[in-house]
Amino acid sequence: MISIPREPLHARVPSTLSGIVEDDLSTLASGASARVCRVAEGHVVKIFHAGVSEEMIAREFAAATLAANCGIAVARPVERLRLKAGRAILYPEIVGPTMMRRMRVRPLHSGSMLRDMAAFHRRIHDCPAPGLRSLREVLRTDIIHGPADPALQQAALRLLDGLPDGDRLLHGDFHVKNILVTQGGPVAIDWSKAARGAVTPDMLRTEMLMRFGEGPQDWLTNRTRDWAARCYADHYRRIAPAHLAQVPEWRAIVALAWLRARAPVRQKAFLAYLNRALMDVGLTVTTG
Ligand SMILES: Nc1ncnc2c1ncn2[C@@H]1O[C@H](COP(=O)(O)OP(=O)(O)OP(=O)(O)O)[C@@H](O)[C@H]1O
Ligand SMILES: [Mg+2]
């Protein structure tokens, strides 16, 4: 079981870092939930936006620590901090571009990077994570609080009840902007959506994020996104066929649950995908 400090323990920050953290923040990158600033000694702080829950920050710390303990290439969290700029996690700096950037710069290497990504995801899935929240519960909550009509919700929840449990480590947001490419290979960051459960929905979520997640959506990029998602998923299937089970059922559940919090990127294409997924398992189609 991972223990998470309830309160930041400034005394535990390496002495060379204390003080510098507050005074010398230069933003390295920002995301939807945080900005990441370089501090001294090859470290960064991820400073969360005010709206991010304590639970989410604790989960990111716990899941990244668990992954590191399991031998997965991650930035191992050092410390939780409460800075003037906000609540933060101190991490070692990972030197290398995101996989998305790398693929843009080296398009001819995209196929091999996506195969590396699938192999990396499979290694993550080899880790047990009994202490994390259950993905089944996350999906259940998202369906109940999502926009689908009550009859479809009930049918989907019955379907979900019949799907197997699992205790694997699931990243929950494994896409090309949450992987940094270093000289030593890919490193997974941003564990705030991690959970435990069956592997299939985590693989399908990655496939969906690559196709319909946030990012550019012009015609050419969309074709590239669809190709990249296929390349990743085909390789995952090839190297770990036994990991995947009840794909159509999980596809319908994961897509329906995503309706709750989705940015309207490629909305028409996503709704067509969702409706096909629902029909494949005999669920009523949504309009839109
Ligand atoms: N340990 C690290 N070392 C170097 N750069 C990092 C590190 N952690 C994060 N970054 C940079 O900061 C960016 C945002 O980090 P992260 O994905 O953790 O934030 P986020 O706000 O949760 O993202 P999202 O937009 O996915 O919600 C990354 O894409 C990466 O460029
Ligand atoms: Mg991120």
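Is Asp167 buried or partly exposed? Select Asp167 and count around it. There are 15 other C-beta atoms within 10 Å, so Asp167 is partly exposed. A buried residue would need 20 or more. Keep in mind throughout that this is a predicted model.

**Stop 1: around Asp167**

Stay on Asp167. It sits in the loop between H6 and S6. Now show its contacts, leaving out neighbours within four places in sequence. Pro128, Ala129, Pro130 and Arg196 appear. Next, draw a line from Asp167 to Pro248, C-alpha to C-alpha. The line spans 21 Å, and the two residues are 81 apart in sequence.

**Stop 2: the whole chain**

Zoom out and colour by secondary structure. The protein chain has 10 helices and nine strands. Its C-alpha atoms fill a box of roughly 60 × 45 × 35 Å along the principal axes. The radius of gyration is 19 Å, which agrees with the value near 19 Å for a compact globule of 288 residues. Of these 288 residues, 39% count as buried. Look too at how the chain folds back on itself. Among contacts between residues at least 6 apart in sequence, 72% join residues at least 24 apart.

**Stop 3: two domains**

Select residues 10–92 for domain 1 and 99–280 for domain 2. Colour them separately. Their C-alpha centres lie 25 Å apart. Where they meet, 13 residues of domain 1 are in contact with 14 residues of domain 2. The side of domain 1 that touches domain 2 has 10 nonpolar, one polar and two charged residues.

**Stop 4: the largest nonpolar core**

Show side chains for Ala67, Tyr232, Ile253, Val254 and Leu256. Within the largest nonpolar core, which has 76 residues, these five touch the most other members. Helix H9 gives the most to this core, with eight residues. Both domains take part: the core draws at least three residues from each of domain 1 and domain 2.

Centre on Val254. Leave aside its neighbours within four places in sequence. Val254 is then in contact with Leu139, Pro201, Leu204, Arg205 and Met208.

**Stop 5: helix H5**

Leu139 leads to the next selection, helix H5, residues 135–144. Which residues of H5 are buried? They are Leu135, Arg136, Leu139 and Ile143. These buried residues cover an arc of only 105 degrees around the axis, so they lie on the same side of H5. Turn to the other side of H5. Glu137 and Thr141 are exposed there.

Now see what covers the buried residues of H5. The cover includes helices H6 (150–161), H7 (199–212) and H9 (247–258). Strands S6 (168–170) and S9 (195–197) are also among the covering elements.

**Stop 6: two positive phi values**

Switch to backbone torsions. Most residues other than glycine have a negative phi. Go to Gln246, in the loop between helix H8 (219–239) and H9. Gln246 is not a glycine, yet its phi is positive, about 50 degrees. With 16 C-beta neighbours inside 10 Å, Gln246 counts as partly exposed.

Move along to Arg266, in the loop between H9 and helix H10 (267–280). What is phi of Arg266 near? It is near 45 degrees, again a positive value in a residue other than glycine. Arg266 has 19 C-beta neighbours inside 10 Å and so counts as partly exposed.

Terms used:
Residues are numbered from 1 along each chain as its sequence is written. Chains are lettered from A and ligands numbered from 1 in the order in which they are written. This is a predicted model: local features need pLDDT of at least 70, side-chain atom pairs count only at pLDDT 80 or more; totals for chains, interfaces and linings use all residues. Helices (H or I, at least four residues) and strands (E, at least two) are DSSP runs, numbered from the N terminus. The radius of gyration is taken over C-alpha atoms; the globule rule is 2.2 Å times the number of residues to the power 0.38. A residue is buried if 20 or more other C-beta atoms lie within 10 Å of its own, exposed if 12 or fewer, and partly exposed in between; C-beta atoms are placed from the backbone. Two residues are in contact if their C-beta atoms, placed from the backbone, lie within 7 Å. Domain bounds come from an automatic or database domain assignment. Ala, Val, Leu, Ile, Met, Phe, Trp, Tyr, Cys and Pro count as nonpolar, Asp, Glu, Lys and Arg as charged, and the others, Gly among them, as polar. The arc is that of the directions from the helix axis to the C-beta atoms. A nonpolar core is a set of buried Ala, Val, Leu, Ile, Met, Phe, Trp, Tyr and Cys residues joined through C-beta atoms within 7 Å.
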